[in-house]
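Visitor: I should like to learn how to read the features of a protein model. Could we begin with the aromatic residues and then proceed to the strands?

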Amino acid sequence: MKHSTSYLTIALTICLLACSRPASAQVIPQAKTSAAPALTTFGVNTLVAWAGISSVSADGQTVHKVGYKYFYDGAWQTQQTMPYGTPPGTEINTTAAPALAQAEAEGDGLNHAYMAWRQDDGLVHYAVFDNSSNTFSTTDPSICSSCDTISSPALAGDGTTLYAAWTTSSGTIQYASYTDAAWNIYSVDVPGVSTKVAPALAAYGNDLYLAWVTEYNTIQVKHATLPLSSSGATWTTLPAPAALTSVAPSLAFIGSVLPKVPERLYVAWNTGSAIDFESWNGSEWFSFTPPLPIPPGPLENFTPAMNFFATGTCPTNGYLNVAYTLGGSPAGQIELTTINTSTYEPPLCGKL
């Protein structure tokens, strides 16, 4: 396996772009989580969600408030929470970390952010981000009446389709797609999978990628060609990254919005003491050296989250971010760090 410290042209952050993205490393204000964070790009802004304060439900489960924040217009907006503490049976809660993604899946031609979580009924529930109010819908329909999971769901968006995956009680991974505001639940689980933790998803171009942790704490990755047929995906196994972890990994794509910067799939995982990364170039995995150093204090052994976005045209700047949970009691802070920046400057940029 080849190793490289970077694949992108490292560039300094300029003030213009600081107005549309978070600082390169920061603790997200007010965010306190009892699980992993969730992260997605929405336009050129960032959404983060988490499992917040906890209580015990009527059936004895530990449930959490669902919180989220939106980085918009140069600043983190006011913390929002899904309805919590309302009469039993109507409140929105989660028993694990939520998931985030974006897609144009409502059939209205608009890009939307989506959030999914495991409600205390054991089912995967979801909500749509309202582009006018910058808040998630407070209804919480389940993906389907039999879409139950033992852990966090995973989401990925690509064009007009949103994809979801989750771990069943038997350790298999089930998946679904959402287009024109309707879910298609695939009846055949992903073959050759046995896991006790949540999966990870990423969609880009003609491929859907899925990662999970085996009983040996290794990470396995499969991909399927898009679009999926009505009966589901034909999955192909990729070589495994050199990773060991006991919690779910995270996947993200650096896309072709940056000319001359190669498209790459990134996987991130928590080693228990650091966040490590590898990228897939289409034929083999490359690793970062060294892993991301964590600020002073303990790192919670939760799944990291990644997002990528690009801004500007002259030059075009891209950012790959990772979020992770710092140690704390009863809930930890969320650290957001830019792990790679890249710049493409056309030959006549600034000269016209």
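Guide: Let us begin with a group of rings. Phe42, Tyr68, Tyr70, Tyr72, Phe129 and Phe136 form one aromatic cluster. Please keep in mind that this is a predicted model.

Visitor: How many aromatic pairs are there by this rule?

Guide: Two rings are taken as a pair if their centres lie within 6.5 Å. By that rule the count comes to 16 aromatic pairs. One of them is formed by Tyr114 and Tyr178, which meet edge-to-face at 5.8 Å centre to centre, with 75° between the planes. This pair links distant parts of the chain: Tyr114 lies in strand E8 (residues 112-118) and Tyr178 in strand E13, 64 residues apart.

Visitor: Are Tyr114 and Tyr178 buried or exposed?

Guide: A residue is called buried under 20% relative accessible area. Both Tyr114 and Tyr178 are buried. A further edge-to-face pair consists of Tyr126 and Trp183, at 5.4 Å centre to centre and 75° between the planes. Here too distant parts of the chain are linked, with Tyr126 in strand E9 (residues 124-130) and Trp183 in strand E14, 57 residues apart. Tyr126 and Trp183 are likewise buried.

Visitor: Which strands make up the sheet that contains E13 and E14?

Guide: To read a sheet, one follows the order of its strands and the sense of their pairing. This open sheet of four strands runs E11-E12-E13-E14, with antiparallel pairing. Its edge strands are E11 (154-158) and E14 (182-185), each of which pairs on one side only. From one strand to the next, the twist averages 25°. Strand E13 (residues 173-179) pairs with E14 over four bridges in the antiparallel sense, and the bridge partner of Thr179 in E14 is Ala182.

Visitor: What is found in the loop between E13 and E14?

Guide: Ala181 is found in that loop. Backbone angles deserve attention at such a position. Phi of Ala181 is near 65°, a positive value in a residue other than glycine. Ala181 counts as partly exposed because its relative accessibility is 40%. Gln30, in strand E1 (residues 25-33), also has a positive phi, of about 75°, although it is not a glycine. Gln30 has 53% relative accessibility and therefore counts as exposed.

Visitor: Where is a cis peptide bond to be found?

Guide: The angle to inspect is omega. A cis peptide bond joins Leu226 and Pro227, with omega about 0°. Pro227 belongs to the loop between strand E17 (219-225) and strand E18 (235-237).

Visitor: What is the strand order of the open sheet that includes E20 and E21?

Guide: The order is E19-E20-E21-E22, four strands with antiparallel pairing. Strand E19 (250-254) and strand E22 (285-287) are the edge strands, each pairing on one side only. The twist averages 30° from one strand to the next. Within this sheet, strand E20 (residues 264-270) and strand E21 (residues 275-280) pair over six bridges in the antiparallel sense. Ala268 has Phe277 as its bridge partner in E21.

Visitor: What sits over the ring of Phe286?

Guide: The charged end of Arg264 sits over that ring, 5.5 Å from its centre.

Visitor: How should the protein chain be summarised as a whole?

Guide: One counts its elements and considers its surface and contacts. The protein chain has one helix and 25 strands, and 54% of its 352 residues count as buried. Its accessible surface comes to about 14600 Å², of which 53% belongs to carbon and sulfur atoms. Among contacts with a separation of 6 or more, 53% are between residues 24 or more positions apart.

Definitions and conventions
Residues numbered from 1 in each chain as written. Predicted model: local features only at pLDDT ≥ 70, side-chain atom pairs only at ≥ 80, totals over all residues. Heavy atoms only, no water. Pairing = 2+ DSSP bridges. Helix = DSSP H or I, 4+ residues; strand = E, 2+ residues; numbered from the N terminus. Axes fitted to C-alpha atoms, helices over the stretch in contact; angles between N-to-C directions. Buried < 20%, exposed > 50% of the residue type's maximum accessible area, 1.4 Å probe, protein only. Contact = heavy atoms within 4.5 Å. Areas by Shrake-Rupley, 256 points an atom, 1.4 Å probe, with all protein chains shown as cover. Phe/Tyr/Trp six-rings, centres within 6.5 Å; stacked < 30°, edge-to-face > 60°. Lys NZ or Arg CZ within 6 Å of the ring centre and 35° of its normal.
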